[in-house]
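I opened this notebook to keep track of what I looked up, one topic at a time. Here is the structure I was working from.

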Amino acid sequence: MKCYELTKAGEEFALQLRERPQPEPGPGQVRVRVHACSLNYRDLLVRQGRYGRRTEGLVPLSDGAGEIEAVGAGVQGLQPGDRVAGCFFQGWSQGPFNAAFQDTALGGGRDGVLTEQVILEEHGVVCLPAHLSWAEGACLPCAGLTAWNALVTRGALQRGATVLLQGTGGVSIFALQLAVALGAQVILLSSSDAKLGRGRALGAAQTINYHTFPDWEQEVWKLTEKRGVDHVVEVGGNLDKSLKCLAAGGHIAQVGVLGGGSGAINLFPLAMKNARLDGIYVGSRADFEVMKDFLNKQQLHPVIDHIFPFDQAAEAYEHLASGGHFGKVVIEV
Ligand SMILES: NC(=O)c1ccc[n+]([C@@H]2O[C@H](COP(=O)([O-])OP(=O)(O)OC[C@H]3O[C@@H](n4cnc5c(N)ncnc54)[C@H](OP(=O)(O)O)[C@@H]3O)[C@@H](O)[C@H]2O)c1
């Protein structure tokens with residue numbers, strides 16, 4: 001089978017196409033024929049060797065969807081032909097997070113899904129709803145589940161709540177779709193007016209260009225008539241600003257630090273607003289199952305910016321790195 005491995009190239013790592021023998025599933029494992037995978041910002045960090053794990057020889061990418069080809073001894077409830085997506089953490093079935101799960105992260109702690117065939121744990125896959133294509137299914141494991149946990153599992157989002165979303169990448173656009181489906185009012189930030197237009201078409205109630213308005217927290221404050229927003233999905237590393245425009249009793253889901261995340265933070269508003277701050281690290285298989293049922297009920301389709309063929313995997317990385325995308329970048333295998 002063909003797969004990509006990361007190999008050292010100067011300061012960073014580069015994709016190398018390799019041949020490996022067909023892997024065989026052990027007890028409690030399944031072999032999946034990968035049909036599509038999607039990229040996350042994290043995969044750029046892995047390629048830069050900044051993810052703190054083994055990188056040399058690693059098969060990258062966490063998010064893939066495909067068809068079960070073979071099952072190992074003792075596997076129950078799964079069979080060849082089942083359409084599945086892999087879970088980001090192969091070892092996190094349910095319950096609270098444990099640091100040991102990091103070793104089971106696809107395309108990080110262990111080989112990922114930029115490959116024709118992959119061995120996954122029986123409890124590390126979720127069956128896909130019929131309305132999703134392979135490419136759409138490949139968008140769920142990291143970006144989808146992170147947005148779901150930020151807003152729903154941990155955020156306990158209520159109908160009519162206001163939500164602030166930052167940028168138009170994979171997590172934020174998924175969060176936009178979920179928030180709109182759940183009856184929330186979204187304020188969307190982006191560096192691009194054209195992308196903000198696309199965000200409004202998806203249901204964002206109000207939009208702010210964070211380049212035009214670097215003090216966007218003041219604009220959010222005005223738009224909410226000095227009440228603030230109930231939820232922030234914080235992907236930018238803008239905690240100081242997000243705290244300023246958070247409503248009393250509001251919730252911040254700390255997901256990413258795109259802008260660097262350094263700088264002084266005034267934590268006073270966190271207490272004075274009786275606010276909640278949650279760190280989010282993707283989620284468990286049990287969370288994925290609940291999200292999947294919701295997507296099925298809503299017949300919701302993830303937003304895909306571009307689909308690249310397998311032999312243009314490197315171009316897919318460059319497209320994500322350019323920041324020109326809106327939603328998800330997918331590679332068809
Ligand atoms: N903790 C977790 O479990 C978890 C899971 C997934 C992702 N993350 C993190 O969440 C972040 C987003 O991931 P992703 O995969 O959705 O990324 P992505 O698809 O690459 O999205 C990047 C987009 O974010 C916007 N952006 C860039 N810099 C920004 C800034 N300083 N402030 C606000 N927005 C900014 C830009 O949108 P515009 O072009 O519209 O401006 C950019 O296109 C990353 O930091 C990632 O590591 C964490």
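The entries below go from the domains and the ligand to single helices, strands and residues.

**Entry: the model and its domains.** I note at the start that this is a predicted model. I looked up the domain assignment, and it gives domain 1 (2-142 + 282-332) and domain 2 (155-279). The contact between them takes 10 residues from domain 1 and 10 residues from domain 2. On the side of domain 1 that touches domain 2, I find 5 nonpolar, 4 polar and 1 charged residues. The centres of the two domains, taken over C-alpha atoms, are separated by 28 Å.

**Entry: the ligand.** I then asked where the ligand lies with respect to domain 1 and domain 2. Both domains give residues to the shell around the ligand, so the ligand lies between them. Of the 30 residues around the ligand, the ones that come nearest are Gly167, Gly169, Gly236, Gly256 and Gly259. Helix H1 (41-47), helix H3 (140-153) and helix H4 (170-181) are the elements that give two or more residues to this shell. Sorted by class, the shell has 12 nonpolar, 16 polar and 2 charged residues.

**Entry: the hairpin of S1 and S2.** I looked at strand S1 (residues 2-9) and strand S2 (residues 12-19), which run antiparallel and are joined by 8 bridges. One pairing that I checked is that of Thr7, whose bridge partner in S2 is Ala14. The two strands form a hairpin with 2 residues between them, and Gly10 in the turn has a positive phi of about 70 degrees.

**Entry: helix H5.** I wanted to know which residues of helix H5 (residues 193-201) are buried, and I found Lys195, Leu196, Arg198 and Gly199. These residues cover an arc of only 160 degrees around the axis, which puts them on the same side of H5. The face turned away from that buried side carries the exposed residues Asp193, Ala194, Gly197 and Ala201. As for what the buried residues of H5 pack against, I noted H4, strand S9 (185-190) and strand S10 (206-209). Just after H5, Gly203 takes a positive phi of about 120 degrees.

**Entry: helix H6.** I put the same kind of query to H6, where Trp216, Glu217, Val220 and Leu223 are buried. Seen down the axis of H6, these buried residues fall within an arc of 120 degrees, so they line one face of the helix. They pack against strand S8 (162-166), S9, S10, S11 and helix H7 (239-244).

**Entry: two positive phi values outside glycine.** Before listing these, I remind myself that most residues other than glycine have a negative phi. Glu225, which follows H6, has a positive phi of about 55 degrees although it is not a glycine. Glu225 is found in the loop between helix H6 (216-223) and strand S11 (229-234). Is Glu225 buried or exposed? With 7 other C-beta atoms within 10 Å, Glu225 is exposed, because a residue with 12 or fewer counts as exposed. Leu61 also is not a glycine, and its phi is positive at about 80 degrees. Leu61 lies in the loop between H1 and strand S4 (63-71). With 32 C-beta neighbours inside 10 Å, Leu61 counts as buried, because the cut-off for buried is 20 or more.

**Entry: Leu58.** I stayed with the loop between H1 and S4, since Leu58 has its place there too. Leu58 is buried, with 23 other C-beta atoms within 10 Å. Leaving aside neighbours within four places in sequence, I find Leu58 in contact with Glu5, Leu6 and Asp111. The C-alpha atoms of Leu58 and Tyr4 are separated by 8.2 Å, although the two residues are 54 residues apart along the chain.

**Entry: Ala181.** My last query was about Ala181, whose place is in helix H4. Ala181 has 15 other C-beta atoms within 10 Å and is partly exposed. Not counting residues up to four places away in sequence, Ala181 touches Gln298 and Leu300. Ala181 and Gln298 are 117 residues apart in sequence, and from C-alpha to C-alpha they are 7.5 Å apart in space.

Note on methods. Residues are numbered from 1 along each chain as its sequence is written. This is a predicted model: local features need pLDDT of at least 70, side-chain atom pairs count only at pLDDT 80 or more; totals for chains, interfaces and linings use all residues. A residue is near a molecule or strand if its C-beta atom, placed from the backbone, lies within 6 Å of it. Helices (H or I, at least four residues) and strands (E, at least two) are DSSP runs, numbered from the N terminus. Ala, Val, Leu, Ile, Met, Phe, Trp, Tyr, Cys and Pro count as nonpolar, Asp, Glu, Lys and Arg as charged, and the others, Gly among them, as polar. Domain bounds come from an automatic or database domain assignment. Two strands pair if DSSP finds at least two bridges between them. The arc is that of the directions from the helix axis to the C-beta atoms. Two residues are in contact if their C-beta atoms, placed from the backbone, lie within 7 Å.
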